[in-house]
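This note is written for a colleague who is meeting this structure for the first time. Please keep the sequence and the 3D view at hand while reading.

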Amino acid sequence: MGTSTLIVMRHAKAAVESTNGTDFGRALTPRGRDDAQRIGAWLQEQVPEIGLALASPALRTRETLLGVMSAWRAEALPPPVRWEPGMYLAGMHELLEFVIDEATRPLLLVGHNPGIGDLVFHLIGQQALAADPAKPMPTAGVYVIGLSTSRGLRRSEEHTSELQSRGLISYAVF
């Protein structure tokens, strides 16, 4: 049975307000910047062969992903990045489309709650509650999920149920 690795990360801790007054422009706090680098160092050790990173273009997700990649060792190449406008505040169904399209290689998704948390819960069910039932997807939270690809990941009218509970959690880091 084949598997594909999906790394799902919520953006790191962001300021409550932005300098331009928009949600899209919220920057990371100092704690958020530190957390992004800590997760980056951990990811490089645990999942060094990430094939693609997809992230919302909102400032806090951009800063999170850039912080994650800044922790990569000089001799290791960080993954290619694609900023996806459709990931900004996307729901679970929209995020699942990105997974289906790109899960042929190890994929890192960096996004926002509630959609990113809903995606994790959809893929791994109750396992998502094991770390902290009150907060299954905190800021800078990461799940590394192995998806079964034996039947392939394909679009269908039931694609959401097709992937449901097919994920096996490898790691959860908060």
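The points below go from the overall fold to the strands, then to one loop residue, the surface and the salt bridges.

1. **Status of the model.** The structure is a predicted model. The features described below should be read with that in mind.

2. **Overall fold.** The secondary structure consists of five helices and six strands. Along the sequence these elements follow the pattern β-α-β-α-β-α-β-α-β-α-β. The protein has 174 residues, and buried residues make up 50% of them. Among contacts with a separation of 6 or more, 74% are between residues 24 or more positions apart.

3. **Strand S1 and its partners.** How many of the eight residues of strand S1 are buried? Six of them are, so S1 (residues 3–10) is largely enclosed by the rest of the structure. S1 pairs with strand S5 (residues 142–148) through seven bridges, and these two strands run antiparallel. S1 is also joined to strand S4 (residues 107–111), here by five bridges and in a parallel arrangement. Val-8 illustrates both pairings: Tyr-143 stands opposite Val-8 in S5, while Leu-109 is the bridge partner of Val-8 in S4.

4. **Strand S4.** Five of the five residues of S4 are buried, so this strand is largely enclosed by the rest of the structure. In a regular strand the side chains alternate between the two faces of the sheet. In S4 both faces are covered, with Leu-107, Leu-109 and Gly-111 buried on one side and Leu-108 and Val-110 buried on the other. Besides its pairing with S1, S4 is joined to strand S2 by four bridges, and S2 and S4 run parallel. Within that pairing, Leu-52 stands opposite Leu-107.

5. **Val-47, a loop residue.** Val-47 belongs to the loop that connects helix H1 (30–46) with strand S2 (52–55). Is Val-47 buried or exposed? Its relative accessibility is 9%, and because the limit for a buried residue is under 20%, Val-47 counts as buried. Beyond its neighbours within four places in sequence, Val-47 is in contact with Thr-5, Ile-7 and Val-144. The ranges given above place Thr-5 and Ile-7 in S1 (residues 3–10) and Val-144 in S5 (residues 142–148). The C-alpha atoms of Val-47 and Leu-108 are 10.0 Å apart in space, with their positions 61 residues apart in sequence.

6. **Exposed surface.** The protein exposes about 8200 Å², of which carbon and sulfur atoms supply 54%. Which residues make the nonpolar surface patch of about 250 Å²? The patch is made by Leu-66, Val-81 and Trp-83. Val-81 lies in strand S3 (residues 81–83). With a relative accessible area of 30%, Val-81 is partly exposed.

7. **Salt bridges: count and one pair.** Side chains of opposite charge can pair when their charged atoms come close. The count for this model comes to seven salt bridges. One of them links Arg-26 with Asp-23, and the closest N and O atoms of this pair are 3.0 Å apart. Arg-26 is buried, at a relative accessible area of 18%, whereas Asp-23 is partly exposed at 31%.

8. **A salt-bridge network.** Which residues are linked in a network of salt bridges? They are Arg-82, Glu-84, Glu-102 and Arg-105. Within this network, the side chains of Glu-84 and Arg-82 meet at 2.6 Å, N to O. Glu-84 counts as buried at 17% relative accessibility, and Arg-82 is partly exposed with a relative accessible area of 30%. Arg-105 forms a salt bridge with Glu-102, for which the closest N and O atoms are 2.8 Å apart. Here Arg-105 is partly exposed, with a relative accessible area of 33%, and Glu-102 counts as buried at 12% relative accessibility.

9. **Where to look in the 3D view.** A reader may begin with S4, which has bridges to S1 and to S2. From S1, the seven bridges lead on to S5. Val-47 can then be located through its contacts with Thr-5, Ile-7 and Val-144. The network of Arg-82, Glu-84, Glu-102 and Arg-105 may be viewed last.

How values were computed. Residues are numbered from 1 along each chain as its sequence is written. This is a predicted model: local features need pLDDT of at least 70, side-chain atom pairs count only at pLDDT 80 or more; totals for chains, interfaces and linings use all residues. Side-chain values use heavy atoms; hydrogens and water are left out. Buried means under 20% relative accessible area, exposed over 50%, partly exposed in between (1.4 Å probe, protein chains only). Contact means heavy atoms within 4.5 Å. Accessible areas come from the Shrake-Rupley method with a 1.4 Å probe; for residues, only the protein chains shown count as cover. Two strands pair if DSSP finds at least two bridges between them. Patches are made of residues with over 30% relative accessible area and no salt bridge: like charges are joined within 9 Å, nonpolar side chains (Val, Leu, Ile, Met, Phe, Trp, Tyr) within 5 Å. A salt bridge is a side-chain nitrogen of Lys or Arg within 4 Å of a carboxyl oxygen of Asp or Glu.
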